[in-house]
Amino acid sequence: MAIDIGGTKIAGALVHPDGTMTATTRRPTPRAVDAEGVMAAVAAVVADLSESPSWSSAVRCGIGSAGPVDTSRGTVSPVNIGAWRDFPVQERIAAELAARGAELPTVLAGDGVAMTAAEHWLGAARGYANALCMVVSTGVGGGLILNNQLHPGPTGNAGHIGHISVAFDGEPCVCGGRGCVESIASGTAIARWARDQGWTPSAGSDPGTARDATAAGVAAAAAQGDPIALAAFDRAGRALAAAIAASATLVETDIAVIGGGVAAAGDTLFGPIRAHLAQYATLSFVQELHVVPATLGTHAGLIGAAAAASMLLPPSASSESAPGPAPTPTA
């Protein structure tokens, strides 16, 4: 059983051993409500799942959530869900499941860790024993696979690459640090830097089309050769390359998988990352590091919640449903 909690939607599904999903359902994340109002939407998703004929076959429940998370306490304080601060989401979901006859072991994972579990099970990191997976969007998050095991850390935040400092004299970050990857390479940061350098978005070809001042608009301008837009993505790519190389040097990862809205820019982002990586990944054991796009897209949240549950919870009598490590590539 998988539940994916984000700022715009709360989704659920029953995920089968081969990764297929059934009984998928979603509710919009409520706005302008208190904590219980948001929880009511989660409860509605659980209620929908309980109507599936496969409900009684579920053996574990994975919860993926926007962060910050504290998996040691089962709590979340999502930046984009203002009503939840230190909300005991794991305990509350377990109670909802039990009330509907499903007393299942549950586990909480941050969205970056869930994405990592998903990409290792069925996506671009499949077959790699050591991987860094990243979400580059409004923020920058991530997770780690080490020796074919998901490595969330004591509070579920290991691999949070967005708050590695890559510019010690850089601008302040919202986290309180300075020069963090997120303050340079997030979609918000890319668009802000481009505008500060004098870039202005163009209107679309259709009359009345709004001017796109987001990172997607900067990416579109870069694809047309706009020098400021290209510089914005080059700057972001350099920050990501430095952080990826540092992480790989620290724990010897073989691959970096990048998903999220900014990654949709394709070679506009990946070109600079790969070009700059050679400057930072210089030691022999990281020179073959691969940087690739994520492949699971919008399915990563639910698949990742299920994969995290299978990787982090003890085996059950139905342990054949757990995604096992894929073979390490030979080339």
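Biologist: Okay, how many salt bridges does the structure hold?
Modeller: There are six salt bridges in it. Keep in mind that this is a predicted model.

Biologist: Cool. Which residue does R27 meet in a salt bridge?
Modeller: That would be D48, with 2.7 Å from N to O between the two side chains. The pair ties together distant parts of the chain: R27 belongs to strand β3 (residues 21-28), while D48 belongs to helix α1 (residues 35-50), and they are 21 residues apart.

Biologist: And is R27 buried or exposed?
Modeller: Somewhere in between! R27 counts as partly exposed because its relative accessible area is 28%. D48 gets the label partly exposed too, with 22%.

Biologist: What about D70, what does it form with R73?
Modeller: A salt bridge, where the closest N and O atoms are 3.1 Å apart. D70 has a relative accessible area of 16%, so it is buried, given that the cut-off for buried is under 20%.

Biologist: Got another one? Which side chain meets E171 in a salt bridge?
Modeller: R192 does, at 3.2 Å from N to O. Here again distant parts of the chain are linked: R192 sits in helix α5 (residues 187-196), and E171 sits in the loop between β10 (149-150) and α4 (182-185), 21 residues apart.

Biologist: How accessible are those two, R192 and E171?
Modeller: R192 is partly exposed at 30% relative accessible area, and E171 is partly exposed at 33%.

Biologist: Which residues do salt bridges with shared partners join into one network?
Modeller: D70, R73 and D86 are joined that way.

Biologist: Switching topic: in what order do the five strands of the open sheet come?
Modeller: The order is β10-β9-β8-β11-β12, and the pairing is mixed. At the edges you find β10 and β12 (290-293), each of which pairs on one side only.

Biologist: Remind me, through what do strands of a sheet pair?
Modeller: Through backbone hydrogen bonds, and the strands can be parallel or antiparallel.

Biologist: So how do β8 and β9 run, parallel or antiparallel?
Modeller: Antiparallel: strand β8 (residues 131-136) and strand β9 (residues 140-146) are joined by six bridges.

Biologist: Which residue in β9 is the bridge partner of L132?
Modeller: It's L144.

Biologist: Last one. Which helix packs on the sheet?
Modeller: Helix α8 (residues 267-280), which touches β11 (255-259) and β12. The direction of α8 makes about 175 degrees with that of β12.

Definitions and conventions:
Residues are numbered from 1 along each chain as its sequence is written. This is a predicted model: local features need pLDDT of at least 70, side-chain atom pairs count only at pLDDT 80 or more; totals for chains, interfaces and linings use all residues. Side-chain values use heavy atoms; hydrogens and water are left out. A salt bridge is a side-chain nitrogen of Lys or Arg within 4 Å of a carboxyl oxygen of Asp or Glu. Helices (H or I, at least four residues) and strands (E, at least two) are DSSP runs, numbered from the N terminus. Buried means under 20% relative accessible area, exposed over 50%, partly exposed in between (1.4 Å probe, protein chains only). Two strands pair if DSSP finds at least two bridges between them. Contact means heavy atoms within 4.5 Å. Axes are lines fitted to C-alpha atoms, for helices over the stretch in contact, and angles run from 0 to 180 degrees between N-to-C directions.
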